[in-house]
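Work through the exercises below with the model open beside you. Try each task before reading its solution.

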Amino acid sequence: MGEVLPFRRKSVDADQGEGLMLCKSKFHKWELVQEKQFDVRLGRLITLYKCKRCGVTKTEAR
């Protein structure tokens, strides 16, 4: 019979790296930053989102 090898737990760094790989593949985890913000140039409300993992921001016009 072969030797029994103990399993290793994933480190915390491995979990964080997985999230960054998702962001690089354009699978961000968007979080609402400001619900209502007015853009004077466009003349309409915009919503600001920020990714929880990598910190990239995006705006969405309504």
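**Exercise 1.** How many bridges join S2 to S3, and do the strands run parallel or antiparallel?

Solution. First, the ground rules. This is a predicted model, where local features need pLDDT of at least 70, side-chain atom pairs count only at pLDDT 80 or more, and totals for chains, interfaces and linings use all residues. Residues are numbered from 1 along each chain as its sequence is written, and side-chain values use heavy atoms, with hydrogens and water left out.

Strands are DSSP runs of E, at least two residues, numbered from the N terminus. Two strands pair if DSSP finds at least two bridges between them. S2 and S3 are joined by 5 bridges and run antiparallel. Ile46 has Ala61 in S3 as its bridge partner. The two strands form a hairpin with 5 residues between them. In that turn, Gly55 has a positive phi of about 90°.

**Exercise 2.** Set out the sheet order and find its edges.

Solution. Start with the other pair. S1 and S2 run antiparallel, joined by 7 bridges. Leu32 stands opposite Tyr49 in S2. This hairpin has 4 residues between its strands, and Gly43 in the turn has a positive phi of about 75°.

Now assemble. The sheet is open, has 3 strands and follows the order S1-S2-S3 with antiparallel pairing. S1 (30-39) and S3 (57-61) each have a single partner strand, so they stand at the edges with one side lacking a neighbour in the sheet. On average, neighbouring strands are turned by 25° against each other, direction ignored. The axes behind this angle are lines fitted to C-alpha atoms; angles run from 0 to 180 degrees between N-to-C directions.

**Exercise 3.** Is Thr47 buried or exposed? Describe its surroundings.

Solution. Locate Thr47 in strand S2 (residues 44-51). Its relative accessible area is 1%, so Thr47 is buried (under 20%; exposed is over 50%, partly exposed in between; 1.4 Å probe, protein chains only). Opposite Thr47 stands Glu60 in S3.

Next, list contacts (heavy atoms within 4.5 Å). Leaving out residues up to four places away in sequence, Thr47 touches Leu32, Gln34, Glu35, Lys58, Thr59, Glu60 and Arg62.

**Exercise 4.** Which residue lies over the face of Tyr49?

Solution. Apply the test: NZ of Lys or CZ of Arg within 6 Å of the ring centre and within 35 degrees of the ring normal. Lys58 lies over the face of Tyr49, at 5.6 Å from the ring centre.
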